[in-house]
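Visitor: I'd like a close look at the aromatic rings and what sits around them. Please keep it plain and walk me through it in one go.

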Amino acid sequence: MGRYLVWLLCSCMLFACSAEPHDQFGVLGQEVIGDCQVTASIAPSTTQAVGSIVTLSGVATCVSGSPEYKFYVRTPNGVWNLLRDWGASTFSWDSTGAWSGDYLLQVWVRRQGESIVYEGASQSLPFTLQGGKGLCTGVQFSMDKTSPQAAGTAVTLSMTPSCQGSAAAEYKVYRRTPLGVWVIESDWNKNTSFTWSTAAVASGTHFFQVWVRAQGSNTVYDGASVVQSFDVTGSTRCTSVTFATNPISPQPVGTSVTFVATGLCNAGVVPEFKFWHRAPSGAWSVLRDWGTQSSATWNTAGLAKGVHIHQVWVRKQGSTEVYEAISVSAAFTLQSWQVSTFAGSGIPAYINGSAPLASFHTPVGVTVDEQGNVYVVDDGNARVRKVTPGGQISLLAGSGTSGYKDGVGAQAAFRNASGIVVDGNGTLYVADTDNHVIRKITPTGVVTTFAGSGVAGYQDGAGTQAQFDQPMGIAIDVGGVLYVSDVGNLRIRKITSAGVVSTFAGSGLLGAKDGAALSASFGYPNGIAVTPQGAVIVVDMINNKIRKISSGVVSTIAGTGAPGYKDGAGAAALFHSPWGAAVDARGNIYVSELLSGRLRKINIFGVVSTFAGTGVPGFKNGLATDAQFFNPMHIAINESGHLFVADSFNHRIRKIAP
């Protein structure tokens, strides 16, 4: 993080350059003719006594407009200073208190109203002042020990200045560490010697330079010594450091992020760490100062969204070095996730048309296709609705009367349908809960029964020979295989693309047993989703747990089983009536909680956080963690990672996006 600042300091020190803040323009001391040309004059002429009033004037011609002028002076030690910012063509310089010596004066010009740095610069005019204070223009130093020395040796530097007249010197001592970092060992003072303790420094070659100036001067320095090297042997150090974040980027503003650093050090060395943070504005700040604890917590509440940069420094405990190793800088993106109303007026009714004006009645299921169309199981209206990316709502299927009937569009009937999912061809599959079947809807609205006899029961088999008992959640994998949470049977069922139904997990006994899939038990399995790796995620509602089925084994990834609200590591987290589930492309799991009105997130490390909702049922859009939902049920996620929520008692479809 600090390498750029250190490099600038280093470049000046090693080559004894002057601190010229405007030299980046390549102008100071050089004549420039651009859209303006300026000639400078001085009255009285050189040489004058210190204390004289010196008037500097500029006369300029420009291609158009009226000129304005800026005045600079270079002091005898080579430092350029601004005398007066943009204004009139003359300036009177009071030289009282100035140093004796040779000065250069220069005028810049530009047209009034321009924001450009300059449009012309005069020749530099020499001017000499006499009778003032002298400068200290040079310094030499010696060391009382010869290089190399073992760590722990005290080395004394003794300074000898070169000053004019009666000027008295003051000194500043710099050291460059073996890592190339320049540090101030001794700031400006009158002492002609400085003792350097090597007890807590790194082995390797160190470089020293001494700056000098006259006492009372406010210049950066008047002179600088030749750089000398000194080798230290036998000390231990830390050689590298890495760090990881939990959760990983990106995250919404308000997320608590933990940094864990790992330092590589010599045997027996205890490392200490310093954590840095750079805001999107570019400003660096210390996230946590030096300490032996290898972790730090970053509270992002109230921070700006955008790319934040982090870096960790390491050194051995007790070291006086600025650092001994620096991590690679890593970016972390904060997103200001916002909740908005995607569709629905909030009035429980059946009205198609423009999304903000249209109405739903207790929407419970939602899915989104590759084109961005959102499909809604509108339970109170016994219909399946379609919302286009342009915000137009129309009927896809359902007569509006609860029943069981295949057919086209409004000819079909559903009875308390719940979950819905869409495949890559735009074909929809609906868990028609109280009809105990899985329905299939083509993109043109043709409804057929894909699996299930329509009679509650438990039977594997092909198509309508199979039986379900209140199927609710439904998900699909990349191969087109469906997974159904068969609530009444306390099982997870699997349906091939040919319609063959089998039992994927669950013994049929009420419980919360992990283990081999067919021996495991569930309590009201509801929401279901598939990860990018093919694992099946099940929201086990009564057990207040989130379960995972992978390679024929059921495990619990989050939730203790007790109802409540607590974020943290999966095994310690608490849920209250979890309902729906969705998984993003990274493998992060999102869970809706019916009664608390929250959406929770489980990252790929199994850490649970609150993604949206205050925990108080209601209706409020805005920042995700300030928003309110009322009985959110099934949820879906699109290819951009935006969430859609069937906010059932608010009779709306809500959208959560950065």
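Visitor: Which ring does Arg 600 lie over, and at what distance from the ring centre?

Guide: That's Phe 575: Arg 600 lies over its face, 4.9 Å from the ring centre. To count as over a ring, NZ of Lys or CZ of Arg must be within 6 Å of the ring centre and within 35 degrees of the ring normal. Before going on, bear in mind that this is a predicted model, where local features need pLDDT of at least 70 and side-chain atom pairs pLDDT 80 or more, while totals for chains, interfaces and linings use all residues. Residues are numbered from 1 along each chain as its sequence is written, and side-chain values use heavy atoms, with hydrogens and water left out.

Now for rings meeting rings. The whole structure has 19 aromatic pairs (Phe, Tyr or six-membered Trp rings with centres within 6.5 Å; planes under 30 degrees apart are stacked, over 60 edge-to-face, the rest tilted). One of them is Trp 313 with Tyr 323, a tilted pair at 4.8 Å centre to centre and 55° between the planes. Trp 313 sits in strand 26 (residues 306–316) and Tyr 323 in the loop between strand 26 and strand 27 (325–326), so this pair ties together parts 10 residues apart in sequence. Strands here are DSSP E runs of at least two residues, numbered from the N terminus. Both Trp 313 and Tyr 323 are buried (under 20% relative accessible area with a 1.4 Å probe, protein chains only; over 50% is exposed, in between partly exposed).

Phe 342 and Phe 644 have ring centres 5.1 Å apart and planes at 80°, so they make an edge-to-face pair. Since Phe 342 belongs to strand 29 (residues 338–343) and Phe 644 to strand 57 (residues 643–647), the pair ties together parts 302 residues apart in sequence. Phe 342 is buried, and Phe 644 is too. Elsewhere, ring pairs link Phe 243, Phe 259, Trp 298 and Phe 332 into a cluster.

Back to arginines over rings. Arg 383 lies over the face of Tyr 350, at 3.6 Å from the ring centre. Follow Arg 383 and you reach a hole: it helps line the largest cavity, together with Val 377, Asp 378, Asp 379, Ala 382, Val 384, Phe 414, Asn 416 and Ala 417. Strand 32 (374–378) and strand 33 (383–387) each give two or more residues to that lining. A cavity is a set of points on a 1 Å grid over the protein atoms alone where a 1.4 Å probe fits but cannot get out, and lining residues have an atom within 4 Å of a point. The search finds 1 cavity of 30 Å³ or more, and the largest holds about 40 Å³ of space.

Ala 382, also in that lining, has an odd backbone: its phi is near 55°, positive in a residue other than glycine. Most residues other than glycine have a negative phi. Ala 382 is in the loop between strand 32 and strand 33, and its relative accessible area of 11% makes it buried.

One more ring to finish: Phe 194, in strand 16 (residues 193–197). Its relative accessibility is 15%, so Phe 194 counts as buried. Its C-alpha is 6.7 Å from that of Ser 158, though the two are 36 residues apart in sequence. Beyond its neighbours within four places in sequence, Phe 194 contacts (heavy atoms within 4.5 Å) residues including Val 155, Leu 157, Met 159 and Val 173.

Key: On a 1 Å grid over the protein atoms alone, a cavity is a set of points where a 1.4 Å probe fits but cannot get out, and a pocket is an open set with protein on both sides within 12 Å along at least five of seven lines; lining residues have an atom within 4 Å of a point. Grid points are joined across faces, edges and corners, and a volume is the space filled by probe spheres set on the points. Helices (H or I, at least four residues) and strands (E, at least two) are DSSP runs, numbered from the N terminus.
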